[in-house]
Structures are given as structure tokens and as C-alpha cells.
Amino acid sequence: MNALSGRFAARTVRVRAPGKVNVALDVGPLRPDGYHSVASVYLAVSLYEEVAATSVETPGITVSISPDSTLDLDGMDIPLDNRNLAYRAAAIMADVSEHATGVHLEITKRVPVAGGMGGGSADAAATLLACDALWNSGLSREELAHLAAELGADVPFSLLGGTAVGLGLGDDLSPALAKAQTHWVLVAADFGLSTPEVYRTLDRLRAAEGVEAPEPDGVDPRILTALRGGDAEALGTVLVNDLQRAAIELAPSLRDTLGIGESHGAVAGMVSGSGPTVALLAEDSIAAEGLAQDLRRFGLNALPVHGPVPGARIVSDTLL
Ligand code: ATP
């Protein structure tokens, strides 16, 4: 309530948060609790989700997807109720905020849905920050990161951004202070892959081979050295993603996408996280533009991006 007019003063806080590429993803064996330990190098890339959180008089949380989304969302299953990660982020913030109001969340989707780039996690990170500002919760970044980890293993990284090493479930983050830019072409698929199903497939492949994967105990230091120097050639030789073969097992066309990328000048290519988005490493920004154009001629949905970029940031705060 606005104290002077007695009228409700609506306010919109708009936050953008980046998607990510896992430059390295070592996956340990299935743990008794059903999870897998990982050792990962996260890179935040210049493809952003945006969440506009507007305070409303009616209590509760509502979610919509903005028509400004650049993705073709036809057939994509994005729940708008409490299964949506942004909804859950707002609910957690409402619990810890003394001055919570009703809130409407409008999500502009740009990160491929179920694409292995943490799009839903970016929505959650953006919502945490937006509601924190909207309700003057006064939480520190550390407290927000704690709430983020409750929402999902990739949410703390979208809040933090940059380059970071993730251990444990991926949420035990250490910033890597690698600021040099690397350039990538993302190739989005027109289908999604379920992250739990990709992990289950990896477990099945390993069991069939009689392989007991070791517990990951850190990341290859050559990856961080290459990232610090922005050295695409060196980085291309050390990219690793244990989930890649499981994603290819579920979606064999990913092998073709990687092959087309590498035969058109990519330094190296990998499936991003659990896929099916493919991340192709380019020599520099001009090479990335050229590669993306070439791939579009094959009918591929190719987008040049760069990273690292900052984590979730407020872009506007407007009294309506
Ligand atoms: P990750 O790599 O973090 O596992 P992802 O990028 O592969 O995730 P998301 O786009 O985050 O996948 O979403 C995976 C599934 O989660 C979707 O298919 C959808 O059903 C559900 N979901 C929940 N909240 C969201 C959201 N805000 N945006 C998109 N999907 C969401």
C-alpha cells in the first residue's frame, strides 16, 4: 500500500540471468542418495533469460511466458504452476521476506528449453534477485546463493556468473577468475532431453561395460589455464563431458551436428551439459559468426555467443 494515497503501488523489477555451458563435466558413480557428484567448469554465456517480477494486489504467484521470447516454444512443456522453477524461487523468497506481496512473473525465454544450458535455473536465479529487490528482503548474495542451491544444482551458478568450478552436486562453487573471452556457436535442437534420463543412461552404459567411475576430485588444471588465456586451441584439446555419450545414445543426430560443426571450422565441439544443445568452440568472434552462418545453411539453429558474462543482474526497477 502506498501510505500517502492509500493505493497499491505496483512495481516491476526486471532481471536478466545467463545460460551456461559446461566446459568440463566429470560425473561420478550413482550415489546411494540417487544423485551423482560432479566436477564441472561452468562458463556463463551471452544468452540471457529475463524475468520481470511485478508486485500485484492479489496474494499469490502467477507466471507467464513473454511473447518477446526468441525461442519457438510450440510443443515445449513449460509448466506455469509450482513445477516452474521461477515460481518456486518466488515462493522461497516470499517465505523469507517480511514484506512479500502477490507477484506476477513474466519470463522471456531465450535459452533452449530442456537444452542442457540451465534455462530454468537462470529463471530461478533471476526471480530470486528480482523478488529480493521487490520485497526489500535485504538478503546478502551469500544468503541468496544458499536459497538458490535449494532450488537446483545449477541455480547458484546463474546467480554468480563468470567462470567457476562446481564440485559436489555442482553447487559448491569456486569462482575461477578467468576473464578472457572465448567464442562459441550454440546449436539448439528442436527437441529436449530430460536431465535425469541422460544421467540414468550414463549409469546404464557404464554398468553394461562393467566400469565403476571414480568419484570426481577436481577439474583438469589445463582447462582453467586455457580459459584464463582465452586460448581456444588449447581449450579445444581438453574439453570433457561425461554426459555426452549418454546424450548421443538418446539422440544419435547429435553426432552429426558435432561432425558438421567440426568440418566447418569449429576448433572443437561438445554436447552442453545433458544436451541436446551442442556447443562449438570457435577461434574468435569473427570465426563464430562465420560458422553460425554456415550451419544455418544446413537448417541448423546456430547462435554465436561468448563468455564469460556476469551472473544475474537487475536491468530495471520501475514504479508503475
Ligand atoms: P539443466 O541443464 O539445468 O538440467 P535444462 O537447461 O536442460 O536444465 P530447462 O530448460 O531448465 O532444462 O528445463 C527442464 C524442464 O524443467 C523443462 O522441460 C520443464 O518441464 C521444466 N521447467 C521448470 N521450470 C522451467 C522454466 N522456468 N523454464 C523452462 N522449463 C522449466
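Let's start with two strands: β7, covering residues 182–188, and β10, covering residues 278–282, run antiparallel to each other and pair over five bridges. Within that pairing, V185 sits across from L280 in β10. Keep in mind as you look around that this is a predicted model.

Helix α9 (residues 253–263) packs on the sheet these strands belong to, with contacts to β7, β9 and β10. The direction of α9 makes about 160 degrees with that of β9. Now step back to the whole sheet. It is open, it has four strands in the order β9-β10-β7-β11, and the pairing is antiparallel. Which strands stand at the edges? Those are β9 (268–271) and β11 (301–307), and each has a single partner strand, so one side of each is left without a neighbour in the sheet. Neighbouring strands here are turned against each other by 25 degrees on average, ignoring direction. As a reminder of what holds such an arrangement together, strands of a sheet pair through backbone hydrogen bonds, either parallel or antiparallel.

For a closer look at the edge strand β9, pick out G269, which is found there. Is G269 buried or exposed? Its relative accessibility is 17%, and buried means under 20%, so G269 counts as buried. Leaving aside neighbours within four places in sequence, G269 is in contact with L258, E262, A279 and L280. L280 is also the residue that stands opposite V185.

Another residue to find is L235, in helix α7 (residues 232–236). L235 has a relative accessible area of 0%, so it is buried. Again leaving out neighbours within four places in sequence, the contacts of L235 are V23, T182, W184, I223, A226, L227 and L281.

Some other parts of the chain lie a good way off. From L235 to D68 it is 35 Å, C-alpha to C-alpha, and the two are 167 residues apart in sequence. Likewise, the C-alpha atoms of G269 and I92 are separated by 37 Å, with their positions 177 residues apart along the chain.

I92 takes us to a pair of helices. The axes of α1 and helix α3 (residues 141–151) come within 10 Å and cross at roughly 135 degrees. The two helices are therefore oblique to each other. On the α1 side, the contact is made by L85, R88, A89, I92, M93 and V96, and on the α3 side by L144, L147, E150 and L151. As for handedness, α1 passes α3 in a right-handed crossing.

Just ahead of α1 comes a loop worth a stop. S69 is found in the loop between β3 (61–65) and α1 (85–96). With 12% relative accessibility, S69 counts as buried. What does the side chain of S69 reach at 2.8 Å? The partner is the backbone oxygen of S66. A polar atom of the S69 side chain also lies 2.8 Å from the backbone nitrogen of K109. Not counting residues up to four places away in sequence, S69 touches I107, T108 and K109.

Last stop: a hairpin. Strand β5 (residues 163–167) and strand β6 (residues 172–175) pair in the antiparallel sense over four bridges, and L167 stands opposite D172 in β6. Four residues lie between the two strands, and G168 in the turn has a positive phi of about 65 degrees.

Note on methods:
Residues are numbered from 1 along each chain as its sequence is written. This is a predicted model: local features need pLDDT of at least 70, side-chain atom pairs count only at pLDDT 80 or more; totals for chains, interfaces and linings use all residues. Side-chain values use heavy atoms; hydrogens and water are left out. Buried means under 20% relative accessible area, exposed over 50%, partly exposed in between (1.4 Å probe, protein chains only). A polar contact is a pair of N or O atoms within 3.5 Å; within protein, one must be able to donate a hydrogen and the other to accept it, and residues adjacent in sequence count only if both atoms are side-chain atoms. Contact means heavy atoms within 4.5 Å. Two strands pair if DSSP finds at least two bridges between them. Axes are lines fitted to C-alpha atoms, for helices over the stretch in contact, and angles run from 0 to 180 degrees between N-to-C directions. Angles under 35 degrees count as roughly parallel, over 145 as roughly antiparallel, 65 to 115 as roughly perpendicular and the rest as oblique. A crossing is left-handed if the near helix is turned anticlockwise from the far one by less than a right angle, and right-handed if clockwise.
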